[in-house]
Every structure is written in structure tokens, then in C-alpha cells.
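Here are some friendly notes to read alongside the model. They begin with one helix and work outwards from there.

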There are 2 protein chains.
Amino acid sequence: MIDLRELLASIAAPAPDGESAARRHLDSLTKPPGSLGRLEELAVRLAILSGGAPSVVRPVIFTFAADHGVVAEGVSAYPQVVTAQMVENFMRGGAAVNVLAQQAGARVVVADFGVASPLGRSPDLVACPLGPGTANIAAGPAMSRALAIRAIEAGARLAAEAIDAGADLLATGEMGIGNTTAASAITAVITGAPAEQVTGRGTGVDDATLARKIAVVRRALEVNRPDPRDGVDVLAKVGGFEIGGLVGVILAGAARRVPVALDGFIAGAAALLAVTLAPASRHALFASHRSAERGHARALEHLGLAPYLDLGLRLGEGTGAALFVHLARAAALVWSEMATFKSAGVSSSEGASTAPSEASPEKRIAPAKPALEQP
Amino acid sequence: MIDLRELLASIAAPAPDGESAARRHLDSLTKPPGSLGRLEELAVRLAILSGGAPSVVRPVIFTFAADHGVVAEGVSAYPQVVTAQMVENFMRGGAAVNVLAQQAGARVVVADFGVASPLGRSPDLVACPLGPGTANIAAGPAMSRALAIRAIEAGARLAAEAIDAGADLLATGEMGIGNTTAASAITAVITGAPAEQVTGRGTGVDDATLARKIAVVRRALEVNRPDPRDGVDVLAKVGGFEIGGLVGVILAGAARRVPVALDGFIAGAAALLAVTLAPASRHALFASHRSAERGHARALEHLGLAPYLDLGLRLGEGTGAALFVHLARAAALVWSEMATFKSAGVSSSEGASTAPSEASPEKRIAPAKPALEQP
């Protein structure tokens, strides 16, 4: 079992002195210094976080599903049953996240955090149901504070199990008809932005539905008055079960110094909550992409994260994070597999040539990633 | 043998009527329409080009190397011998493009188009040497018109051989100390931009060298007066052997309807030349990324191409194109592997649920990619 207070207490910022050593290593490789741009920045951040050579061999995408009582307000283009239907689709491997995760060599952990409609049995579906969806946030809190804590702890437990099994990159994904409404409410509370700036079209609602959705977000904030300094309060009042699970994934990754690739808008809302609870968790966060969903850019700005991809994605599920896995792995491979100027006998920019060494033991100067340890 | 005139005559724009069928297919898949953003646009373009289901199974990166007489003007941070040293590094697999190509499952074809320094023997190095580097463009033409045509034809031949062997995505890469100076001159001629707007720091030159480089580009244009309407003339006067080879790769890809992933600034210059020679070749071009090199954005704008990645890369070799392979493959896999709303029994946005069909023959409604044919 994971206790939230203990988990939060175990999260600390990585030592800052890793940065210059990481840059020195990258500058020793056969390329002009800095010429791989953000791939190098990514490698540096991964190295600082883990305290060793970055490694992206066993990524795991957590696609958590739950329903949202707020759909009663007519805020989505799809009926609530689609949450369950898509979970079934995940289990059969037919969804976008399945296809993109398989391409990226990532395992997908699909968990039911509270889907309202009946789900078929599947041995691979992880059962963490906290109820038949949340209550309608336009009328009252989404869930009790106790349930919010249970959601976070359940997500953290799944992440910790994956890390114990060797996961070296965690990625967030979700499915929940209505969850962009909850994410908009969270983003508005934490960033202080007005509802209309952080409420978008989700799966693709029309103008009338968007206007209704903005009004619903406003009402949810008025009715519930969540405390922006208390992530658990915000989660309980205007969040969702699957969002709580993702907060747990983020916190567990940060505690264990395993990078967490955020997917899109919903993941950004979970990250806003996580950083409220443990500011140092920010060091473990990587913004895979900038979603087309209005409000995501505002969330990333608040988190101080620059996205790596900007492809107009707005699907969720973990699809953007799956695409980011390739970039993170590229950064790790550049770090570990490239020749150095010295080993390859390539002249540096000062014009001094070095004869190639026969044995080239310098080719891999970085230590192998240490076995994952408990924080 | 490939004849440039015949090659140019074989390049035609794909039929435009493929677009609506491609979008219909993507909209039948279990995701809100358009929610995969530019991945969908990429899939549509790939489908229109090939006339069938996109496929990125056997990508080939062409990393062409040559030297540039203009280095005598002191325009680079690295000595000329680095071109040969990096070719040796490519053959040993220690360069960034090797690492990123291997990750992407891409074969790298390294060809010597005219490296000045002696190269070690390697059975994998393709020999297409057109001379010990080009002449100094600040003093006269880089090469004769006949050599420029030979460079294009040689690149086209290598690309055609790769396509015959099953390549379904071609990517451009290059190595040549001094070649950003040639690419700047080409970009200035074709786009009409002044030298200072399209001349950047290349591998990382200081302010004084940048100022000299800009002056050299201006001088090259004044001395040679290349004809912007004639890509062969521009290539001969201010280009490079490896750039000519890449023009050939682009034209061969366009002729055979095989997508060509452009890497960075040098590839952009080659594309400007190719489009001058055969405007319809533009349909085969995909801008992998926006390089940090000043001038690349201007080239892409002229080509009407929006880059897929923006990571501040400025290495060349084909590294950005290698990263793009993952996105192109993702687009192809989404097209071919995702379930449809009908096959998965997922309700569409109209709210109508369809029972899952037992056999799900609709799952792959698109025809398999036809065998590659001669144009």
C-alpha cells in the first residue's frame, strides 16, 4: 500500500550539479556542441533526474478510464457509454494508443478507475473502480476527499509496481467522456485563468455546446469553491477518478526519479495538481506535446514546461506521450551510442585532430544506468 | 542509367481525388475526426502520393558527402578533413545519424560524392566521386553544368535502386564542411532573400566568421550570377556535389511516388532546386523539421511545406529526417492498424451505437499498398 503523505515526503528535487557533467558528456560526442538542440536538453534533463545515463527501454503508458457525472449537463459530443466502449477497444488493441504504443515499444496499462457502463471481463484490465463515475461537478463535489486520496494512491501503486518491474519511463493517458470539462475546471482553479480561456472543444463540440461547457465550468467553480493551494481539494471537488490516478503516477515517478511523459490537456491538469502537492515533482515531468485543446498551453506555462511536439493532437489516451517516447529514446541512444571525438578520431572545432584509438574504450564514457532504487 | 530529362518528364502531380477518400477512411477510425491533428494530415498526404495505404516499413536515409572549395574563405568552424573523418565515423556507426537511423529501423546509404581527403576502404561506402570537392564559389562556379547533371543523375540512380529494393520512404542527409555556405547561396538565389537573411552559423561559427560567410555568399552570387529559373545552373554555380545528389533523390522519389523526408537546411536547398526543375516534385516532399539554421524557415515557406518537428536541430546528416520516420510510420500504422467505429462497436459522435460485428472484416478497409511500379 502507498500512503499519500509518505509519498509526498519522499519527493525531492534532483541534485543540480549533474547538469555540467551531462553537458560535458554530450559535447564529447561527434557533433557540433548543442547541434541536436532540444534532444540534448532532453538528454540532460533525463540524466539529471536519474543521476546516470538516460535509458528508455521499458516505457509504460498508463491509460486510466473513468466516467464523469458532468456529462448530464450535455458537455460532450459523445454519449457516456463511449468510455466503456473505448476501454473494450483498448483491450482488443484497436485504439490509437494501442497502435502508437506498440510502435514505441511501450506497454499500456489500462485501468478502470470508475467507468459507469458495464465492462466485459478482460484479464488485462486493471480494476481500481472508485464508483460509477464521479458526481456532477456543476451541482457539487465530484467525489469525497477520501476517494480523491484513494485515487491518487491507487495510481501511485500501479506506477510503483511498473517501476519495480523495470519501467524506465512512465507516460500518462486517459479516457473519460466529459473529462476535458473537469480538466478545464482544474486548470482554471490552479492557474487562475478565467473559464473561457481554458475550456475548449474536447472531442469536437459545436459552438453552442462549447458555450454551455464554459458556463458549466464556471458553475462548478462557484458551487464548489476549490482551494487552489490544495490539490486534493481541487481533485475532490472538480476532478475525476482517472485524473487522480494520473496524479499518483506523476508523484510515484517523481519519488522514484523515473521520468513521467505527460500526454495532453487532461495530463496537464493532473500535473498541475501534482505540483501543488509536491512542487519538486516538476523535475520528473516532460511535456510530450502541446495539445490543440485550448487551455493546455496555459497549463504548460504554469508548469514551466516546453512541449517537444506540436502536432495539433487532441485525442488523449496517451497518444502524444507514445509519440514522445521515440524522442526520449533518441535522446538516450545519442547519449549512450554515439562515438566521441576522441574515439572516432574526428577533429574538434579547434582544428586539433586526434588519432583514432584502437580499442576505443572511451566510446561509452557514461556509466550504465544504475539499477532502480527506492527513493 | 538515369537521364535527367527523362526523369523530369516522368514527374507528375498525384491525382487530387484521393484526398476525400483518405479523410473518409481516417474518420471511420475510433477517434474523434481530426483528433490526431497533423498525423492525420501526414497520413492523407502519404496516401494521396502513393494512391494506397501509407506504408513506412523500409525507410532509407541517403547521407551524401562532399567537400566544398569555399572553405578556403574560412567559413566553417571545422577543418575540411572533418568531412572524411565523419564519413569514416558513419561507416563505423558512431555518428548521430547511425544511432537515430538504427532506432528508426532505417538503412543509411553513405555515398562519397567528392570528398577531398583520402577515405579508408569500406565495402559499404558507395563511391560516386565527382572530384576532390567543388571549386571555391566565391571565385567562380562550383562545378561544370555537366558535373551538376551527373551529380543529380547519380543521386537519382541510388534512390531508384533503393526503391527497386523495396524502400518506401526516402530521407535526405548530408555531410560536407562548408555546405551551409552553398545552401545559403542556393536559398538566396531561389527565394530572392538577401544573403544575410539566409546565412546562419552552420556548425556554430562566431560573429566574425558569420559576417565573413555572409560576404562570401554575396560574392558567390555576384561572381556567378546563377539563373534562379534553372536549378541546374544554380547547382553548378553555387551548389555542391552532395546537394546535387540529394536533388536526384528527391526527383527519383517524386517520379516513383515514394515520399521524400527532407532533413534540414541543406536538404531544403536541394528541394528548392528540385522544385525549380520539376514543380510537381513538391507533392513528394515532407519537411521533417525546422532547423535552427537561419534561412531554413524561408526555404520551407517558399516550398509551401510546414515542418513536423521543431527541436532546434542543426546537425544535418539526416538526423532530423530519422526522427521524422517515427511520425511517418505512426501515421501509416494509424491508417492500417486502428479499429473502425463499426468494427469496434463504438458509438459515433451522433450517439448511434453499432454492435460489434463478429468477423470485423471492415477493420482494414483500405487496400494494401500496391507493389511499387515504375512511373
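1. Let's start with what surrounds α5(B) in this predicted model. The buried residues of this helix pack against α3 (37-50) and α14 (319-337) of chain A, and also against β1 (59-66), α4, β2 (107-114) and α14 of chain B. Partners from both chains are therefore worth displaying together, given that contact is counted for heavy atoms within 4.5 Å.

2. How many of the residues of α5(B) are buried? The count is 8 of 9, so by the cut-off of under 20% relative accessible area the helix is mostly covered. Those buried are A96(B), V97(B), N98(B), V99(B), L100(B), A101(B), Q103(B) and A104(B). Just past the end of the helix, G105(B) has a positive phi of about 65°.

3. Now the contact between the chains as a whole. Chain A and chain B each bring 54 residues to it, and about 4200 Å² is buried between them, with carbon and sulfur atoms giving 65% of that area. On the chain B side, Y78(B), Q103(B) and L311(B) supply 13% of the area buried against chain A, more than any other three residues. Q103(B) is also one of the buried residues of α5(B).

4. Which elements of chain B build its side of the contact? At least two residues each come from α3 (37-50), α4 (81-92), α5 (96-104), α14 (319-337) and α15 (341-344). The largest share, 9 residues, belongs to α14(B). By type, the chain B side divides into 29 nonpolar, 18 polar and 7 charged residues.

5. On polar interactions, the count between chain B and chain A is 0 salt bridges. There are, however, 21 residue pairs in polar contact between the two chains, both residues being at pLDDT 80 or more.

6. How are the two copies related? Chain B superposes on chain A by a rotation of 180° with 0.0 Å of shift along the axis, at an RMSD of 0.0 Å. That is the relation of a two-fold axis. Moreover, 100% of the interface residues of chain B are also interface residues in chain A, so the copies meet through the same surface.

7. One last site to look at is P279(A), in the loop between α12 (265-277) and β6 (285-287) of chain A. Is it buried or exposed? P279(A) counts as exposed because its relative accessibility is 58%, and the cut-off is over 50%. Its C-alpha atom is 37 Å from that of D207(A), a residue 72 positions away along the chain.

Terms used:
Residues are numbered from 1 along each chain as its sequence is written. Chains are lettered from A and ligands numbered from 1 in the order in which they are written. This is a predicted model: local features need pLDDT of at least 70, side-chain atom pairs count only at pLDDT 80 or more; totals for chains, interfaces and linings use all residues. Side-chain values use heavy atoms; hydrogens and water are left out. Helices (H or I, at least four residues) and strands (E, at least two) are DSSP runs, numbered from the N terminus. Buried means under 20% relative accessible area, exposed over 50%, partly exposed in between (1.4 Å probe, protein chains only). Buried area is the accessible area (1.4 Å probe) that two parts lose on being put together, summed over both. A salt bridge is a side-chain nitrogen of Lys or Arg within 4 Å of a carboxyl oxygen of Asp or Glu. A polar contact is a pair of N or O atoms within 3.5 Å; within protein, one must be able to donate a hydrogen and the other to accept it, and residues adjacent in sequence count only if both atoms are side-chain atoms. Ala, Val, Leu, Ile, Met, Phe, Trp, Tyr, Cys and Pro count as nonpolar, Asp, Glu, Lys and Arg as charged, and the others, Gly among them, as polar. Copies are superposed by least squares on the C-alpha atoms of residues with pLDDT of at least 70 in both.
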